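Work through the following exercises with the sequence and the 3D view side by side, and try each task before reading its solution.

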Amino acid sequence: MSNARKIVIMADAAISDSPIDSQTLGPVRFRRGDDLLVEATFLQNGIVADMSAAQSAVLEILDVGSMNAPDPRTVALLMRKEVVEFSNPICDSSGKLDLEADGQVPHAVFKFSNIETQIASGERWLCLRVEFSDGSKLSFASGWIFVEENFLSDPELLPIENPQYIKRDEAGLLFLNKSANLSDLESKDMARSNLDIYSKLETKSLISESLEFLPAYKEELESIKGDVESAKNIAISTVDDAEQAVSEITLLTSDLEKLKEDVQIAKQAAEAAAQEAQAISDPDGLLQKHTAELAALQTGKANTGEHLFNVGRLRASNPVTALPVSLCAIVECGDWSGLKINAGGATTGGISFYNSFGITNWTSPYVYKGIRFGLTKYAENDYRLFASIGYNDSTPNGTWINVYAQVPLTAINGRHSYVFVLKSNLIGKSSFDASDFYFAIDGTEYSANASRYSALATNDTGSKDDFFRINTEYNYT
């Protein structure tokens, strides 16, 4: 039987509560001034921890103030013990500690002498941690314990024989005495050398040497002052020259501006003469107009799938019948504000730039086919680029997709390029995705919305009658 106070701790890293003495099932307690033996078994969630890679275990008792002391706290180390030897506790088949096994042992044992435990009584903090060979550290137990008073000595004094502390007379041999004011230094010369400072004698010698060179320094200073004065005069002269140059440049700049004005007047006169000559040779500007129209027609002829029209309601064959699709129309209108409002499917209130959309079967089930792209006035100050896409199937009562983008009146008045792009075939997409559609005016994109949407069963849109129309009203019959 050991002549020491024994405490048994089951230190489980998964439990953050203060440690418990497994013998008393209460808080850890010991009397100051007693020999102390702490047995620790390390657990992880109730399973005995593997200590094969453990290098050391440390138990520390700290003074961090009372339990209800406010933060921030001051931490002082009172007791510390480190062990490097570990035993292997006996486990059952589940890996838990076999409490009934004969010869059961803890992982580590920490021994403190009665001198080491002579610390002040009260609430203290215990920390029990293990360091492993890979450098990692893990705290298995930490929390409040109680050191009980034993009235063996003044509780405010540290242990007089504790190897962690030194006595006053020992300290006097190791450290300088404040009252000696550095007179107890072994070598003042060596101390000055280490601090890189001079003695009185060395300082006086340096001052004397400096005084010897003072006349030479004064002579050199006078020479420097002369050089500075000369440089000053040169600088003044340079400034005068610079001011003269600036004045001349100002005059040249004035002449240059006058010359530029003369050139501009001549240029305007030449342009006026050219316009007058053009008016004489082509008074109606027809030559230039027809040249541009011819170039547009040639471009349209050279690009398969692009149809260009200038005026009028026109009809043409070979409409677009498959997805994905991209449509572009160049349209000029001085003011769209006079459009009627399209309400309830009326045939007015908008214009179709491209239209092969319609009902091919006017008895139920209706069949919607084709593609329509144009501009409509949905309400006052509500203008929309729109597109309708037919299904080319026989779904009862007809199904189709309607998408649109709201645009401001200022963006559509005048001559503009209008673009609609359907980026994918939409087959199997059950919900509207704005990223599948693209509306733009002169390259500026406007966000797409849907007023009607269902999943497509085919990318074949067909057309109402194998034709498409240009410049028709919102609908056509």
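**Exercise 1.** In this predicted model, find what joins the side chains of Glu-149 and Arg-32, and decide for each residue whether it is buried or partly exposed.

*Solution.* Begin with the charged atoms: the side chains of Glu-149 and Arg-32 meet in a salt bridge, with 3.2 Å from N to O, which satisfies the cut-off of 4 Å. Next, locate the partners along the chain: Glu-149 lies in the loop between β11 (137-148) and α1 (168-174), whereas Arg-32 lies in the loop between β4 (29-31) and β5 (36-44), so that the pair links distant parts of the chain, 117 residues apart. Finally, turn to accessibility, where buried means under 20%: Glu-149, at 24%, is partly exposed, while Arg-32, at 1%, is buried.

**Exercise 2.** Carry out the analysis for Lys-429 and Asp-436.

*Solution.* The closest N and O atoms of Lys-429 and Asp-436 are 2.9 Å apart, and the two residues form a salt bridge. Lys-429 has a relative accessible area of 33% and is therefore partly exposed, whereas Asp-436, with 6%, is buried.

**Exercise 3.** Determine the strand order of the open sheet of four strands, and identify its edge strands.

*Solution.* Following the pairing gives the order β13-β20-β21-β22, with antiparallel pairing. The strands that pair on one side only are β13 (325-333) and β22 (444-446), and these are the edges. From one strand to the next, the twist averages 25°. Looking at one pairing in detail, β21 (residues 437-441) is joined to β22 by three bridges, and Ile-441 stands opposite Thr-444 in β22.

Notes. Residues numbered from 1 in each chain as written. Predicted model: local features only at pLDDT ≥ 70, side-chain atom pairs only at ≥ 80, totals over all residues. Heavy atoms only, no water. Pairing = 2+ DSSP bridges. Helix = DSSP H or I, 4+ residues; strand = E, 2+ residues; numbered from the N terminus. Axes fitted to C-alpha atoms, helices over the stretch in contact; angles between N-to-C directions. Buried < 20%, exposed > 50% of the residue type's maximum accessible area, 1.4 Å probe, protein only.
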